[in-house]
Amino acid sequence: MAAQFDLKNDGVVVIIGSGAGGGTLGNELAQKGIDVVILEAGARHEYEDFINDEWDSFTQLAWKDKRTTSGDWRVAKDFPNLPAWIVKSVGGSTTHWAGASLRFQEHEFKTLTTYGKVKGANLLDWPVTLAEMEPYYAKAEAKMGVTGTNNWPRLPGNNNFKVLKAGADKLGYKECHTGNMAINSVERDDRNSCQQTGFCFQGCKWGAKWSTLYTEIPKGEATGHLEVRPNSMAIKINHDASGKVTGVVYADKDGKLQEQKARVVAVAGNSIESPRLLLNSESSKFPRGLANSSGQVGRNYMRHTTGSVYAVFDKPVHMYRGTTMAGIIRDEARHDPSRGFVGGYEMETLSLGLPFMAAFLNPGGWGRSFATALDHYDHMAGLWIVGEDMPREENRITLHKDEKDEHGMPIADVHFDDHPNDTAMRDHAYKQGQALYAAVGATRTFPTPPYPSTHNLGTNRMSEKPADGVVNKHGQTHDIKNLFVSDGSQFTTGGAENPTLTIVSLAIRQADYIAAQMSAKSI
Amino acid sequence: MVTIYERKPHERKLSLSRRELLKRGGAGALLIISGSAVISPEHAWGLETSALKPETMATLIQVARDIYPHDQVPDKYYAIAVKGHDETAAKDPAHKELIEKGIADLDKKAGKGGYRGLGWEEQRVALLKEIEKTPFFQAVRGGLVVSLYNQKEVWPIFGYEGESFSKGGYIARGFNDIEWL
């Protein structure tokens, strides 16, 4: 039975956000008997409510509140008020994610050591290593039902995968398979197996794809220690004279401001909202915002070096049928500076429906060149590039000077300039992707620019030293002992891998730490 | 090329019969402007305008096709895709002016016979290129991305099957049926 806690209950852990980080942390703590309130900005839509329609689903799930953009990235031109494609709904972006669940590589936790200093980049080693993370990765994979682990079979390959695999073979790539996916390949955890429906991004109507919405959250609620409060937009975190945080002010479903008292606060609103909230919680004691003595809150915003390659063939493909992202080539994920850049990238199958293909293939494009590409929609195959981008101090989330949201909170501005390393990597990946499809007989290929960011990372980064970042190796802020960060904004660097598995692993690990600190009465 | 027979607003009823139209040499696609409507008798659809001039709407339909030219997509879907501008214009005088002026400007640039009088797509596209940075063009193109491609009725023309959950996904319906590799 889901708990209900009093606003004045100052013994609860308040988590802001119910996605991969917040939803997992909430359940893990509840399982340990710790009382938790999750404040979720969005509404609660259960999986039967999801819609197999791109625009309707976008309207239902996406975080559409206005943001502004700046910098030389193309998203700022094409989608000036939509820098990120993430979710405002219970379950957060785990409703929308594709399910790709990859561990970081060892060197990706030590980029400064491995890559050396890169001009114009703010590289730093993580304060944790792969060896420390491995037990938590294993727990996360078991929890999420990741294919290719724990003897769960990989998903069968769809048409789009078969084209990718044929091209990979032609190019001599060795590591190509249907991925490590947090999508049930067999029935487990009282959930269906994948029915190859497509529409993974629109919320899995079968519940086959792991989402906190129908795994962590109901399990946590069943303990009687977890309350999820939807339509609750966090505005400000309060603190006392000693500097400890004491509660969270939020706008409730009617827009009325409430304060939920707290013993511990964990911020997990994704890498735009989390720093926005910390910055907006400025006070006379913390004039630069909470946990910001380093000045790093909001900085080092990363969004992965992305892009897509679509290709048209003389025969049909029907790429949209089946699991959207069950297909990967990992050969380019290695660090090999002879390619002209540090770090690496993954190539993963991707498809969009016709409506989103029209919106994203070449935003702003028109005329015959554009239209004839879509004419061959059912003859298209596609892949997504996801690679490590460079953290830069000036790539950052700031509070808008003038514009405010409906609650009077300054909206977020997202500034991003591509680093030359990002551009070199993307260009390399475009070439490889186009060569791959050409090798299978593509008659035309399209190097497609990045979409609004789905992997938003790094804006409250982990660091060994308080001067270099915002949180320590447990996601605990350097400045305030009972304030934590629990989402991808903790990432010191981004790795080449889709971030969710690492976010979940960090949350499991953080729950152990918070529980230990609470029982030792140190928080 | 679209042939348009224009009628004056006071002529209330469309009096041209199909036979008469054909006699006037209108083989193939015909758009007729009558009263406040754009009508395609050949394909049995009509579009009534409430704020924009019907001539403007007819030109807008051609502009829409020139922006996203899909030869296999009938005019009807372009008409549906741009009718939102008429609805917006009815509520917002500024939008009405944006569209009316934008079309009038195109007609002026096209010279005698107007935009629809230009026989080749290349001629019309050359004019659109000149105005592609204008708010008018951006409003028309930006709106079309959704209003054209989000019509469920056009999806089959592109081979997109849409919703699949109710059919049990593709697990037994060809998710891996590719044969030519």
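A residue counts as buried if 20 or more other C-beta atoms lie within 10 Å of its own, and as partly exposed if that number falls below 20 but stays above 12. That cut-off is applied below to two residues of this structure, which is a predicted model.

**Two residues with positive phi**

His318 of chain A has 25 C-beta neighbours inside 10 Å and therefore counts as buried, whereas Asn231 of chain A, with 18 other C-beta atoms within 10 Å, is partly exposed. The backbone of each is set out in the table.

| Residue | Phi | Loop |
|---|---|---|
| Asn231(A) | near 55° | between strand S5 (226–229) and strand S6 (233–239) of chain A |
| His318(A) | about 55° | between S10 and strand S11 (328–329) of chain A |

The phi of Asn231(A) is positive in a residue other than glycine, and His318(A) likewise has a positive phi although it is not a glycine.

**The sheet of chain A**

Strand S10 of chain A, which borders the loop of His318(A), also belongs to an open sheet of six strands in the order S4-S11-S12-S13-S10-S16, with antiparallel pairing. Strands S4 (176–177) and S16 (444–448) of chain A stand at the edges and have a single partner strand each, so one side of each is left without a neighbour in the sheet. Helix H11 of chain A (residues 420–439) packs on this sheet, where it touches S10, S12 (345–349), S13 and S16, and its direction makes about 20° with that of S10(A). Within the sheet, S10 (residues 305–312) and S13 (residues 380–387) of chain A run antiparallel and are joined by eight bridges; Ala311(A) has Ala381(A) in S13(A) as its bridge partner.

**A helix pair in chain B**

In chain B, the axes of helix H2 (residues 54–67) and helix H3 (residues 75–91) come within 9 Å and cross at roughly 120°, and the crossing is right-handed. Among the residues that make this contact are Met57(B), Leu60(B) and Ile61(B) of H2(B), together with Tyr78(B), Val82(B) and His85(B) of H3(B). By class, the contact of H2(B) with H3(B) has eight nonpolar, one polar and three charged residues.

**The contact between the chains**

Chain A contributes 35 residues to the contact with chain B, and chain B contributes 28. On the side of chain B that touches chain A, helix H6 (135–147) and helix H7 (155–158) of chain B each supply at least two residues, and the largest share, three residues, comes from H6(B). That side of chain B is made up of 17 nonpolar, eight polar and three charged residues.

Technical notes:
Residues are numbered from 1 along each chain as its sequence is written. Chains are lettered from A and ligands numbered from 1 in the order in which they are written. This is a predicted model: local features need pLDDT of at least 70, side-chain atom pairs count only at pLDDT 80 or more; totals for chains, interfaces and linings use all residues. Two strands pair if DSSP finds at least two bridges between them. Helices (H or I, at least four residues) and strands (E, at least two) are DSSP runs, numbered from the N terminus. Two residues are in contact if their C-beta atoms, placed from the backbone, lie within 7 Å. Axes are lines fitted to C-alpha atoms, for helices over the stretch in contact, and angles run from 0 to 180 degrees between N-to-C directions. Ala, Val, Leu, Ile, Met, Phe, Trp, Tyr, Cys and Pro count as nonpolar, Asp, Glu, Lys and Arg as charged, and the others, Gly among them, as polar. A crossing is left-handed if the near helix is turned anticlockwise from the far one by less than a right angle, and right-handed if clockwise.
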